Amino acid sequence: MKKIGTQSIETKRLLLRPFVESDYQAMYDNWASRPDNLLHVTWDAHESPEVTRQSTARWVETYQNLDFYKWAICLNEKPEQVIGDISVVDRDEAVNACEVGYILCQDYWGQELMTEALKAVLIYLLQDADFNRVTAKFVTANPASGRVMAKAGMRYEGTFRQAVFHKGEVKDFSVYGILKSDLKRKS
């Protein structure tokens, strides 16, 4: 793995860029304060914009670490308006692997924007950052997230039954993965 940090990525419709501290209000308004947008993630809605501001400030500081990968998702025509995020949430240097997680403002669901963002990040992580393996997991109560992973080129690797305590319940989760060699076969 090469430690290259979070660099901006542009796709057909999106700009994936590092967060800046001023993103906190859009993040708070677009998803961090909306419990209906957070049903399937591990964290709860932020109680105030200040909580979100503290998070973005921490991320901005952490960008100095070149093994930190976290992108703000923005539409190309509104690069200052963050509508989601995608990041490396776990790493295993022994096998040169990482896990990604993502969230998108509910107002933008169903437009394949998350698939577009995930594809771009997978290419970045596997080719540019030189990871060998990238995984993502989702609570099976959210099959749309699994469809995003599949459309982005990841393969279903299995379901872990009653394996995670999530939002007060024990739930199943599924895992998708992609190898660098899978990416090479597709191109």
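This note covers the largest pocket and the paired strands of a predicted model.

1. Start with the pocket. The largest pocket holds about 1200 Å³ of space. It is lined by 46 residues. Closest to its centre are His-40, Val-41, Tyr-102, Ile-103 and Ser-145.

2. What is the make-up of the lining of the largest pocket: how many residues are nonpolar, polar and charged? The lining has 25 nonpolar residues, 13 polar ones and 8 charged ones.

3. Next, the elements around the pocket. Three helices each give at least two residues to the lining: helix 2 (49–62), helix 3 (113–128) and helix 4 (143–151). Strand 4 (82–92), strand 5 (97–104), strand 6 (133–139) and strand 7 (155–166) each do so too.

4. Now look at strand 3, residues 70–75. Strand 3 runs antiparallel to strand 4, and 5 bridges join the two. A hairpin of 6 residues links strand 3 to strand 4. To find the pairing by eye, look for Ile-73, which stands opposite Gly-84 in strand 4.

5. Which way does strand 4 run against strand 5, parallel or antiparallel? Strand 4 and strand 5 are antiparallel, with 8 bridges between them. Here Ser-87 stands opposite Gly-101 in strand 5.

6. Strand 4 and strand 5 also form a hairpin, with 4 residues between them. Check Asn-96 in that turn: its phi is positive, at about 55°.

7. Put the two views together. Strand 4 is bridged to strand 3 and to strand 5. Strand 4 and strand 5 are also among the elements that supply the pocket lining.

Definitions and conventions:
Residues numbered from 1 in each chain as written. Predicted model: local features only at pLDDT ≥ 70, side-chain atom pairs only at ≥ 80, totals over all residues. Heavy atoms only, no water. 1 Å grid on protein atoms, 1.4 Å probe; cavity = no way out; pocket = protein on both sides within 12 Å on 5 of 7 lines; lining within 4 Å. Points joined across faces, edges and corners; volume = space filled by probe spheres on them. Nonpolar A, V, L, I, M, F, W, Y, C, P; charged D, E, K, R; others polar. Pairing = 2+ DSSP bridges.
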